[in-house]
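Let's walk through this model together, starting with the overall layout and ending with a single side of one strand. Keep the sequence and the 3D view open as you read.

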Amino acid sequence: MAIHNIPTTFRIGGRDWKVGFKDSIENGEVFARWLDNKAEIQIAYKAKDDGELVDCDEYQLEHSFWHELGHIIQYYSTGNTDDTFAQTFATFMMEYNQFKVLR
Ligand SMILES: [Zn+2]
């Protein structure tokens, strides 16, 4: 069952990816990460803010998912990743999901 408006699995680039949640990742230094060898996106419930682990809100959790998916799409299409693309992709997808109309 999907939580936080984030899928548990999806298929991109001919691979079946899974999404997992962790309390924190890399001691709270990152919000999320993607693991190509495991075909997995990991999203942290907490991240560091001014040196202290703080709960991520729903927007941040979903934005982190789209950010990591942006990395995967860019990597599988160009062989590179960069945070500028991933952040822009994530923000566009958040906007798309907020304002789409299904009739
Ligand atoms: Zn990134």
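What does the secondary structure of the chain come to? It comes to two helices and six strands, where helices (H or I, at least four residues) and strands (E, at least two) are DSSP runs, numbered from the N terminus. Along the sequence these elements follow the pattern β-β-β-β-β-β-α-α. The chain has a radius of gyration of 14 Å, close to the 13 Å that the globule rule gives for 103 residues, so it is as compact as a globular protein of that length. Here the radius is taken over C-alpha atoms, and the rule is 2.2 Å times the number of residues to the power 0.38.

A word on the ground rules: this is a predicted model, in which local features need pLDDT of at least 70 and side-chain atom pairs count only at pLDDT 80 or more, while totals for chains, interfaces and linings use all residues. Residues are numbered from 1 along each chain as its sequence is written.

Along the principal axes, the C-alpha atoms fill a box of roughly 40 × 35 × 30 Å. Of the 103 residues, 23% are buried; a residue is buried if 20 or more other C-beta atoms lie within 10 Å of its own, exposed if 12 or fewer, and partly exposed in between, with C-beta atoms placed from the backbone.

Now turn to strand E4, residues 40-44. Four of its five residues are buried, so E4 is largely enclosed by the rest of the structure. E2 and E4 pair in the parallel sense over five bridges, pairing being called if DSSP finds at least two bridges between two strands. In this arrangement Lys18 stands opposite Glu40 in E4. E3 and E4 run antiparallel and are joined by four bridges, and here Arg33 stands opposite Gln42 in E4. The hairpin of E3 and E4 has four residues between the strands, and Ala39 takes a positive phi near 50° in it.

What lies at the heart of the packing? The largest nonpolar core has 17 residues, of which Ile41, Ile43, Ala44 and Phe65 touch the most other members. Such a core is a set of buried Ala, Val, Leu, Ile, Met, Phe, Trp, Tyr and Cys residues joined through C-beta atoms within 7 Å. Strands E2, E3 and E4 and helices H1 and H2 each give two or more residues to this core, and H1 gives the most, with five. Ile43 offers a good view of the packing: beyond four places in sequence, its contacts are Val19, Phe21, Ala32, Leu61, Ser64 and Phe65, a contact meaning that C-beta atoms, placed from the backbone, lie within 7 Å.

Helix H1 deserves its own look. At 1.5 Å a residue, its 21 residues should span 30 Å, and its end C-alpha atoms are 30 Å apart, which agrees; the expected span is 1.5 Å times one less than the number of residues. Its buried residues include Leu61, Phe65, Trp66 and Leu69. Among the elements covering the buried residues of H1 are E1, E2, E3, E4 and H2. Just after H1, Gly79 takes a positive phi of about 85°.

Finally, visit Lys48 in strand E5. Lys48 has 16 C-beta neighbours inside 10 Å and therefore counts as partly exposed. Leaving out residues up to four places away in sequence, Lys48 touches Gly28, Glu29 and Leu53. Lys48 and Glu29 are 19 residues apart in sequence, with their C-alpha atoms 5.9 Å apart in space.

Notes: Two residues are in contact if their C-beta atoms, placed from the backbone, lie within 7 Å.
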